[in-house]
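Reader: Hello! I am new to protein structures, and I would like to go through this one with you step by step.

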Amino acid sequence: MICKVCSAEFDGDAKFCPECGAPIQDTVINDAPPEQAVPNGQLYPSTPEMGMGMINPLLAKTDALIKDKLYLALCILMTVVCALPLAKGLKAGINIPSIIITVFLWILYSEKNKQLPDAKRIRIISGCVYAAKVISYVISGIVFLAGILCFFSSAKWIDMFTDAFSGNAYADSAFDAVFSLGGGVIGTIFIFVAVLLAVLTFFSYGKIHKFVKSCYENIQSNTNALENRNITYVWMIVFAVFSGLGALSSVTSSPLTAVIYGCETAVAIMVALLIKKYYSEY
C-alpha cells in the first residue's frame, strides 16, 4: 500500500501509516487509476478496480489535523476565551465571530470519527474570519470619525492658543486654549490609531481569511495551492507575542483579564503549530 498523504509504502494490514500516522482510509493501492476530481471535497468515486476510494491529500491532512490532540486543546481554549468575558461581565468584549468559529471547530471535532471534514464547515469558519475583519474595519472607521470630529470641533485651537498667550481677548483664558489644543491632539491621535488599525486589519485578518478560504476552495477543486500560509503562521506568532504582553501587564491589575490574554496566547501558538505541522508542504 502507498500512503496518499506522505507516499510511504507499508503493509496492507496496517491501520495507520507508519510514517505520518494517517489512518488506513487515507491510503490508496499501488495500481490505483489516475486521480479524479473530488466532489465537494469528499472521497474520490470508488470503483471495483480501485478497491477503496482515494482521498484529496489536503482533505486527508485536514482530517488528521482535526484528530490531533492539539486540535482538541485548541477547541477547549477557544471555549474558555469566549466564556470568560461573560463570567467577568464584559459585554463589550464578547466576540461573536470567535463564538461561531468555536462552535464549528467543535462540530468538526464531533464528526471526526464519522466522516471526513466537510468543506462547507470550513467555509463557515472562513466566513467568520471575514466577519471579524469587517468588524475591525468598522471599529477603525468609528475611531477615525471620532478623530475627525475632535479635530474639527477644535479647528481654531491654533488661533486660540496664540491669542491667549499674546494677551488678546479672543480666548477667555489660557485654559480654553489649552483645552482646544488638547482636542486637536486627541483628534490627531484617534485618526492615526484608526489608520494603523485599518492597515493591521488588512495585513492580518485579510491574509488569514484568504488562507482559510483557500483551504476549502482547494479541497473542493482538488488542488493544493494554499494562499498566505506563511504569513498566517507569522501573524499567529505576532498575536501570541502581543497577547502574552497583555497577559503580563494585567496580572496584578486584573487576573481574569490576564487569564483571557494567556488563553489567547496559547490559541495563537497552537494554530501556528498546527499550520506548520500539517500544511508546511503546501
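**A friendly tour by question**

Reader: In this protein, what percentage of the contacts with a separation of 6 or more comes from residues 24 or more positions apart?

Author: Contact means that heavy atoms lie within 4.5 Å. Take the contacts in the protein with a separation of 6 or more, and pick out those between residues 24 or more positions apart; their share is 65%.

Reader: Before we go on, where do the residue numbers come from, and what kind of model is this?

Author: Residues are numbered from 1 along each chain as its sequence is written, and side-chain values use heavy atoms, with hydrogens and water left out. Local features need pLDDT of at least 70, side-chain atom pairs count only at pLDDT 80 or more, and totals for chains, interfaces and linings use all residues, for this is a predicted model.

Reader: In what pattern do the helices and strands follow one another along the sequence?

Author: Helices (H or I, at least four residues) and strands (E, at least two) are DSSP runs, numbered from the N terminus. The protein has nine helices and two strands. Reading along the sequence, you meet them in the pattern β-β-α-α-α-α-α-α-α-α-α.

Reader: What percentage of the residues counts as buried?

Author: A residue is buried under 20% relative accessible area, exposed over 50%, and partly exposed in between (1.4 Å probe, protein chains only). The protein has 282 residues, and the buried share of them is 39%.

Reader: How many disulfides are there?

Author: Two cysteines to look at are Cys82, buried at a relative accessible area of 13%, and Cys128, buried at 7%. Being buried is not the test, because a disulfide is a pair of cysteine sulfur atoms within 2.5 Å. By this rule the number of disulfides is zero.

Reader: How far does helix 7 reach from its first C-alpha to its last?

Author: Helix 7 covers residues 205-221, which makes 17 residues. The expected span is 1.5 Å times one less than the number of residues. For helix 7 this expectation is 24 Å, and the span in the model is close to it, at 24 Å.

Reader: Which residue follows helix 7, and what is its phi?

Author: The buried residues of helix 7 include Phe211, Val212, Cys215 and Ile219. Most residues other than glycine have a negative phi, and most peptide bonds are trans. The residue that follows helix 7 has a positive phi: Asn222, near 60°.

Reader: Which residue in the loop between helix 7 and helix 8 has a positive phi of about 60° although it is not a glycine?

Author: This residue sits in the loop between helix 7 and helix 8. At 24% relative accessibility, the residue counts as partly exposed. The name to look for, with its positive phi of about 60°, is Asn228.

Reader: How many salt bridges does a search of the whole structure find?

Author: Side chains of opposite charge can pair when their charged atoms come close. Here a salt bridge means a side-chain nitrogen of Lys or Arg within 4 Å of a carboxyl oxygen of Asp or Glu. Searching the whole structure gives a count of two.

Reader: What is the N to O distance between Asp63 and Lys67?

Author: Asp63 is buried, at 1% relative accessibility, whereas Lys67 is partly exposed, at 32%. Their side chains meet in a salt bridge, with N to O at 3.1 Å.

Reader: How far apart in sequence are the parts that Asp68 and Lys277 tie together?

Author: Asp68, buried at 12% relative accessibility, forms a salt bridge with Lys277, and their closest N and O atoms are 2.7 Å apart. Asp68 lies in the loop between helix 1 (57-66) and helix 2 (69-88), and Lys277 in helix 9 (residues 255-279), so the distance in sequence between the parts they tie together is 209 residues.

Reader: Which residue's backbone oxygen does the side chain of Thr102 reach?

Author: Thr102 belongs to helix 3 (residues 96-110) and is buried, with a relative accessible area of 6%. Leaving aside neighbours within four places in sequence, Thr102 is in contact with Cys75, Met78, Thr79 and Cys82. At 2.7 Å, the side chain of Thr102 reaches the backbone oxygen of Ser98.

Reader: Which residues does Ser243 touch, not counting those up to four places away in sequence?

Author: Ser243 is part of helix 8 (residues 229-250). With a relative accessible area of 12%, Ser243 is buried. Not counting residues up to four places away in sequence, Ser243 touches Tyr261, Glu264 and Thr265.

Key: Polar contact = N/O pair within 3.5 Å; in protein donor to acceptor, adjacent residues only side chain to side chain.
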